[in-house]
Amino acid sequence: MNRRSFLGYSASAALGSLLVRSPLWAGPPPSLGFRFTDVTTSAGIHFRHNNGAYGGKLLPETLGSGCAFLDYDGDGWQDILLVNSMDWPGHVRQHSTPKLYRNNRNGTFTDVTREAGLDVEMYGLGVAVGDYDNDGFPDILFTCVGQNRLFKNTGKGRFVDVTNSSGLGKRLASVLRLCGSTTIATDSSTCLSAIM
Ligand SMILES: [Ca+2]
Ligand SMILES: [Ca+2]
């Protein structure tokens, strides 16, 4: 047995011994003390993501999309925002938008996308929530294939697209600085910074 064979044999033997003794192989795992139950449908969430796939096998189709919990109406109950993509140009088959679900405070949610002003097609991938204008209401930044979109929360149950007025128009990848007061403060001035 040469040196290389000996080292390979030793490594295999050590790994085998480790696996045999590992708790991972010692039977079923202990109870965690809790379980998750799928309540998507009973909670009123009827969302289907559209990645626009038509056979071209484009990279963004594989990236999925983001989601966020946010209390957009300030009632103290977390609402749900689900990012959506869309059909590719030249292969349009359906209208697909992000979805906003308002918390009904009883374990169910109501689709308020249209009345909230978010019935807007975009090839969304990710989302960030923050109060960029420090008015106490969380705003929404979608990161997209193409134009990123910033929606300002009016505080009256609606969002307004401020992408262009905020200086984000036609900036597909940028670093911007947004004044706000919430979770992504990067310095003592409590200003939000976003990197896209
Ligand atoms: Ca809420
Ligand atoms: Ca705000």
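Two residues are taken to be in contact if their C-beta atoms, placed from the backbone, lie within 7 Å. By this criterion, in the predicted model, residues 24 or more positions apart account for 43% of the contacts in the protein chain with a separation of 6 or more. Of the 196 residues in the protein chain, 25% are buried.

The secondary structure of the protein chain consists of one helix and 10 strands. The helix stands at the N-terminal end of the series, and the strands follow it, in the order α-β-β-β-β-β-β-β-β-β-β.

One group of four strands forms an open sheet with the order S1-S2-S3-S4 and antiparallel pairing. Strand S1 (67–70) and strand S4 (109–111) each have a single partner strand and occupy the edges of this sheet, so one side of each lacks a neighbour in the sheet. On average, neighbouring strands of this sheet are turned by 20° against each other, direction ignored. The antiparallel pair formed by S1 and strand S2 (residues 79–82) is joined by four bridges. Within this pair, Leu-70 has Asp-79 of S2 as its bridge partner.

A further open sheet of four strands, again with antiparallel pairing, has the order S5-S6-S7-S8. Its edges are formed by strand S5 (124–130) and strand S8 (159–161), each of which pairs on one side only. From one strand to the next, the twist averages 25°. Strand S6 (residues 139–144) and strand S7 (residues 149–153) run antiparallel and pair over three bridges. In this pair, Phe-151 of S7 is the bridge partner of Ile-140.

The largest nonpolar core comprises 22 residues. Leu-81, Leu-100, Val-127, Ile-140 and Phe-142 are the residues with the most contacts inside this core. Two or more residues each are given to the core by S2, strand S3 (99–103), S6 and S7. The largest share, four residues, is that of S6. The core thus draws on elements of both sheets: S2 and S3 as well as S6 and S7 contribute to it, S2 and S3 having their place in the order S1-S2-S3-S4 and S6 and S7 theirs in the order S5-S6-S7-S8.

The surroundings of Leu-81 give a residue-level view of this core. When neighbours within four places in sequence are left aside, Leu-81 is in contact with Cys-67, Ala-68, Leu-70, Pro-98, Leu-100, Val-127 and Ile-140. Among these partners, Leu-100, Val-127 and Ile-140 are also listed, with Leu-81 itself, among the residues with the most contacts inside the core.

Note on methods:
Residues are numbered from 1 along each chain as its sequence is written. Chains are lettered from A and ligands numbered from 1 in the order in which they are written. This is a predicted model: local features need pLDDT of at least 70, side-chain atom pairs count only at pLDDT 80 or more; totals for chains, interfaces and linings use all residues. Two strands pair if DSSP finds at least two bridges between them. Axes are lines fitted to C-alpha atoms, for helices over the stretch in contact, and angles run from 0 to 180 degrees between N-to-C directions. A residue is buried if 20 or more other C-beta atoms lie within 10 Å of its own, exposed if 12 or fewer, and partly exposed in between; C-beta atoms are placed from the backbone. A nonpolar core is a set of buried Ala, Val, Leu, Ile, Met, Phe, Trp, Tyr and Cys residues joined through C-beta atoms within 7 Å.
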